[in-house]
Amino acid sequence: LEEASGEIALAQGRAVAACAPLRTAAETWLAAQIPDRAAQLFARLARALGDAGRTAEASQSAARALALATRERTRAVAWLEQGILAARRSVYSDALERCERAANSVSISDPVWRRAHAARGRCLVLLDRLGEAEEAFRLAERAADAATDVQLSAIVRLARLQAALRGGRV
């Protein structure tokens, strides 16, 4: 119940409301000795905490997710969350490295791969590596049907706008 409550709140954009139930669910799975499921929830908690502006706690949660992960996909999600958090702190080279790790850990058909390449592209824009950014966006869009992946499409449009404002032609 806690897990569903947290996921619903996060999906509705209510990050603050998602934090407590996600933390409770993660701790419950950890106590049940199912570390990979706990890791998945600590990664989701990192997302909620980051969205709520609690970046130090979010970083701790993402690190915990990475430490607990037993599956490569769960590690990829944790690396992606760490990358997003690093980008929020304007540490773009670290963010780029973590996004690349995430993308290299999953298959092209995995939504994490698409999100990682879109985040990678955004980092590259902010590092003024606009040609590489465009390639990252192309990869993400090619792997996803932009008409059905609204979030990815919005991320790519925003990053391309940022690139244009920086003087690039992405």
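# Notebook: helix packing, helices 2 to 7

**Entry 1. Helix 6 on helix 7**

Helix 6 passes helix 7 in a left-handed crossing. I note at the start that the model is predicted. Helix 6 covers residues 92-104 and helix 7 covers residues 111-126. I looked up their geometry next: the axes lie 8 Å apart, and the packing angle is about 155°. Angles over 145 degrees count as roughly antiparallel, so I log helix 6 and helix 7 as roughly antiparallel to each other.

Which residues of helix 6 meet helix 7? I list Tyr-92, Ala-95, Leu-96, Cys-99, Glu-100, Ala-102 and Ala-103. On the helix 7 side I find Trp-113, Ala-116, His-117, Ala-119, Arg-120, Cys-123, Leu-124 and Leu-126. I sorted this contact by class: twelve residues are nonpolar, one is polar and two are charged. The charged ones are Glu-100 and Arg-120, and the polar one is His-117.

**Entry 2. Ser-93**

I stayed in helix 6, where Ser-93 has its place. Is Ser-93 buried or exposed? Its relative accessibility is 52%, so I enter it as exposed. I then checked Ser-93 against Cys-123, which sits 30 residues away along the chain. Their C-alpha atoms are separated by 7.6 Å.

**Entry 3. Helix 5**

Helix 5 runs over residues 72-88. I tested its length. At 1.5 Å a residue, its 17 residues should span 24 Å. The end C-alpha atoms are 24 Å apart, so the two values agree.

How many residues of helix 5 are buried? I count twelve of the 17, so the rest of the structure largely encloses this helix. The buried ones are Thr-74, Ala-76, Val-77, Ala-78, Trp-79, Leu-80, Glu-81, Gln-82, Gly-83, Leu-85, Ala-86 and Ala-87. What do they pack against? I find helix 3 (35-51), helix 4 (55-68), helix 6 and helix 7.

**Entry 4. Helix 4 on helix 5**

I took one of those partners, helix 4, in detail. The axes of helix 4 and helix 5 are 8 Å apart and the packing angle is about 160°. That angle makes helix 4 roughly antiparallel to helix 5. I record the crossing of helix 4 past helix 5 as left-handed. Helix 4 brings Ala-58, Ser-59, Ala-62, Ala-63, Ala-65 and Leu-66 to the contact. Helix 5 brings Arg-75, Ala-78, Trp-79, Glu-81, Gln-82 and Leu-85. By class, I get eight nonpolar, two polar and two charged residues in the contact of helix 4 with helix 5. Arg-75 and Glu-81 are the charged pair of the list.

**Entry 5. Glu-81**

I went back to Glu-81, which belongs to helix 5. Its relative accessible area is 3%. Buried means under 20%, so I enter Glu-81 as buried. What does Glu-81 touch, leaving out residues up to four places away in sequence? I find Ala-43, Ala-46, Arg-47, Ala-62 and Arg-115. I also looked up Leu-165, 84 residues from Glu-81 along the chain. The C-alpha atoms of Glu-81 and Leu-165 are 26 Å apart.

**Entry 6. Positive phi outside glycine**

I turned to the loops. Ser-90 comes after helix 5 and lies in the loop between helix 5 and helix 6. Ser-90 is not a glycine, yet its phi is positive, about 65°. Its relative accessibility is 47%, so I call Ser-90 partly exposed.

Gln-33 is another entry of this kind: its phi is positive, about 60°, although it is not a glycine. Where does Gln-33 lie? I place it in the loop between helix 2 (15-31) and helix 3. With 70% relative accessibility, Gln-33 counts as exposed.

**Entry 7. Helix 2 on helix 3**

I then looked up the helices on either side of the Gln-33 loop, helix 2 and helix 3. Their axes come within 8 Å and cross at roughly 160°. That makes helix 2 roughly antiparallel to helix 3. Helix 2 passes helix 3 with a left-handed crossing.

From helix 2, I list Ala-15, Ala-18, Cys-19, Leu-22, Arg-23, Ala-25, Ala-26, Glu-27, Trp-29 and Leu-30. They meet Arg-37, Ala-38, Leu-41, Phe-42, Arg-44, Leu-45, Ala-48, Leu-49 and Asp-51 of helix 3. I sorted the contact of helix 2 with helix 3 as well: 14 residues are nonpolar, none is polar and five are charged. The charged ones are Arg-23, Glu-27, Arg-37, Arg-44 and Asp-51.

Methods: Residues are numbered from 1 along each chain as its sequence is written. This is a predicted model: local features need pLDDT of at least 70, side-chain atom pairs count only at pLDDT 80 or more; totals for chains, interfaces and linings use all residues. Side-chain values use heavy atoms; hydrogens and water are left out. Axes are lines fitted to C-alpha atoms, for helices over the stretch in contact, and angles run from 0 to 180 degrees between N-to-C directions. Helices (H or I, at least four residues) and strands (E, at least two) are DSSP runs, numbered from the N terminus. Angles under 35 degrees count as roughly parallel, over 145 as roughly antiparallel, 65 to 115 as roughly perpendicular and the rest as oblique. A crossing is left-handed if the near helix is turned anticlockwise from the far one by less than a right angle, and right-handed if clockwise. Contact means heavy atoms within 4.5 Å. The expected span of a helix is 1.5 Å times one less than its number of residues. Buried means under 20% relative accessible area, exposed over 50%, partly exposed in between (1.4 Å probe, protein chains only).
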